[in-house]
Amino acid sequence: MSGRSLLAAAITVLLAGCATTPTESLPTEPPLPSTFADTASGMPPSEGWWTHFDDPRLNAVVGAAVSDNFSLVAARERLRQANAAARIAGADALPALDGSGDARVSREEGSNAESYSVGVVASYEVDLWGRIDATIESAELEAGATRADLQAAYISLTAETADTYYSLLLQRAIVDLLEQQRTTNQQVADLIRVRYRNGQAQLDEYLRQQRLTEASTADLLSARATLEEQRNQLAALLGRPAEALELPEGHEITQLPPIPAVGIPAEWLQRRPDLQAAWLRVRAADADTAAAIANQYPRLDLSASLETAATSPSNLFEDWVSSLATSLTVPLFRGGALRAEVERSQAARAVAFNEYAQNVVDAVAEVEIALSNARYDRNRLESLNRQLELAEAVVDRLRGRYLSGATEYLDVLSALTTLQDVQRQQLEARWALLLDRIALIRTIAGGWNTGESEASENS
């Protein structure tokens with residue numbers, strides 16, 4: 001048998017062996033509960049989830065964050081990168097065409113010799129095993145995942161902005177409450193001082209009340225520091241310095257609408273852009289595995305060229321030489337690198353799927369926690385409202401009895417301290433319901449058309 005026949009036989013064996021290489025199946029079932037602990041009706045807005053609160057102040061703040069936040073701009077640019085990478089990968093499926101030209105002049109013993117040439121070369125890889133298609137699919141899936149990342153970044157930024165803004169309003173309310181409590185404590189201290197001068201109270205009573213006044217002053221200073229910190233945090237989210245931050249005055253709380261329904265877990269899974277991104281990356285890793293397997297197989301390349309040459313420019317295009325070539329490249333020995341790349345890509349696919357599954361489990365827990373917190377915080381606020389009524393009644397009653405000498409000052413001090421503590425708890429509980437709602441909407445909000453994805457695709 002001739003050498004050429006032996007080579008043909010070896011190639012045939014290799015092709016047959018490659019064609020039977022098995023691939024692993026990809027898991028498709030994410031771990032989901034049958035239902036969520038949810039009895040509400042209605043859905044949150046599919047675009048601009050913050051409009052659920054019907055608060056023009058929040059709309060303005062979130063709009064500024066979406067417009068000016070630098071991290072969001074970076075996410076948009078990452079999408080442009082991914083779309084460009086997908087177009088680069090797609091170019092491999094098309095023939096490559098290169099042109100060349102050459103002009104030379106040489107001198108020897110007083111004579112000149114000229115030569116000119118022009119050529120065109122076309123090359124194309126026949127995608128026998130789907131390697132190029134798999135590479136293109138992987139790049140397109142990664143671009144889709146990056147687009148979902150951008151949508152998730154919108155949700156994260158807007159939710160963090162809303163949370164920080166309402167936390168700032170809460171801190172304003174706490175500062176106002178502490179100022180009122182400090183004024184009240186100082187008024188009681190002034191009253192006890194007068195009674196002490198008149199021999200109706202003890203010095204230790206005045207000192208205790210004055211200490212309570214100083215404690216409320218310390219709490220007020222701490223609250224103002226927290227307010228300034230939150231102002232700086234909100235300014236950073238809006239991509240500007242704190243001194244350039246203009247916010248409306250006041251701390252009125254928005255009226256909460258009814259709790260929206262979470263929906264069926266399978267539908268919720270399709271709405272979450274972060275989970276969509278994770279699943280697309282699982283599929284991209286699967287395509288990478290297919291490409292790595294196909295890379296072990298022979299490659300068939302076609303090429304064609306058209307060239308002309310002459311000794312003067314005027315005769316350059318008179319005679320053309322054309323050629324057509326086919327080449328088959330068979331990977332015989334690469335030190336195990338190709339097989340190792342298959343193993344690496346298979347492991348990467350397993351990593352991607354398990355990370356996706358864990359993300360789903362964590363996201364389910366987020367929904368359940370948000371629903372649970374909303375339920376318990378609502379019941380807690382109702383209890384604190386009742387406690388506040390009782391604490392106010394106790395203070396009013398004991399204050400009158402103390403002024404008439406029928407009770408000890410320590411009873412009044414204890415009741416006043418309890419009242420002020422309940423006042424602050426009740427205030428924080430009111431805002432907790434608002435922050436709970438933000439957390440819930442964030443866990444069930446879907447992605448929306450950000451505008452940048454289409455623009456980057458068409459650029």
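**Exercise 1.** How many salt bridges does the structure hold?

*Solution.* Before counting, note that this is a predicted model, in which local features need pLDDT of at least 70 and side-chain atom pairs count only at pLDDT 80 or more, while totals for chains, interfaces and linings use all residues. Residues are numbered from 1 along each chain as its sequence is written, and side-chain values use heavy atoms, with hydrogens and water left out. A salt bridge is a side-chain nitrogen of Lys or Arg within 4 Å of a carboxyl oxygen of Asp or Glu. With that cut-off, the structure holds 16 salt bridges.

**Exercise 2.** Find which parts of the chain are linked by the salt bridge between glutamate 142 and arginine 281.

*Solution.* Start with the distance: the closest N and O atoms of glutamate 142 and arginine 281 are 3.1 Å apart. Next, place the partners, taking helices (H or I, at least four residues) and strands (E, at least two) as DSSP runs numbered from the N terminus. Glutamate 142 belongs to helix α4 and arginine 281 to helix α7, so that distant parts of the chain, 139 residues apart, are linked.

**Exercise 3.** Decide whether arginine 272 and its partner glutamate 366 are buried, partly exposed or exposed.

*Solution.* The side chains of arginine 272 and glutamate 366 meet in a salt bridge at 3.4 Å, N to O. Arginine 272 lies in the loop between α6 and α7 and glutamate 366 in helix α8, so the pair ties together parts that are 94 residues apart in sequence. Buried means under 20% relative accessible area, exposed over 50%, and partly exposed in between (1.4 Å probe, protein chains only). Arginine 272, with a relative accessible area of 6%, is therefore buried, whereas glutamate 366, with 38%, is partly exposed.

**Exercise 4.** Identify the residues that touch the most other members of the largest nonpolar core, and the helix that gives this core its largest share.

*Solution.* A nonpolar core is a set of buried Ala, Val, Leu, Ile, Met, Phe, Trp, Tyr and Cys residues joined through side-chain atoms within 4.5 Å. The largest such core has 63 residues, of which Trp49, Tyr166 and Trp268 touch the most other members. Its largest share, 16 residues, comes from α4. As for the helix itself, α4 has 67 residues and reaches 96 Å from its first C-alpha to its last, close to the 99 Å expected (1.5 Å times one less than its number of residues).
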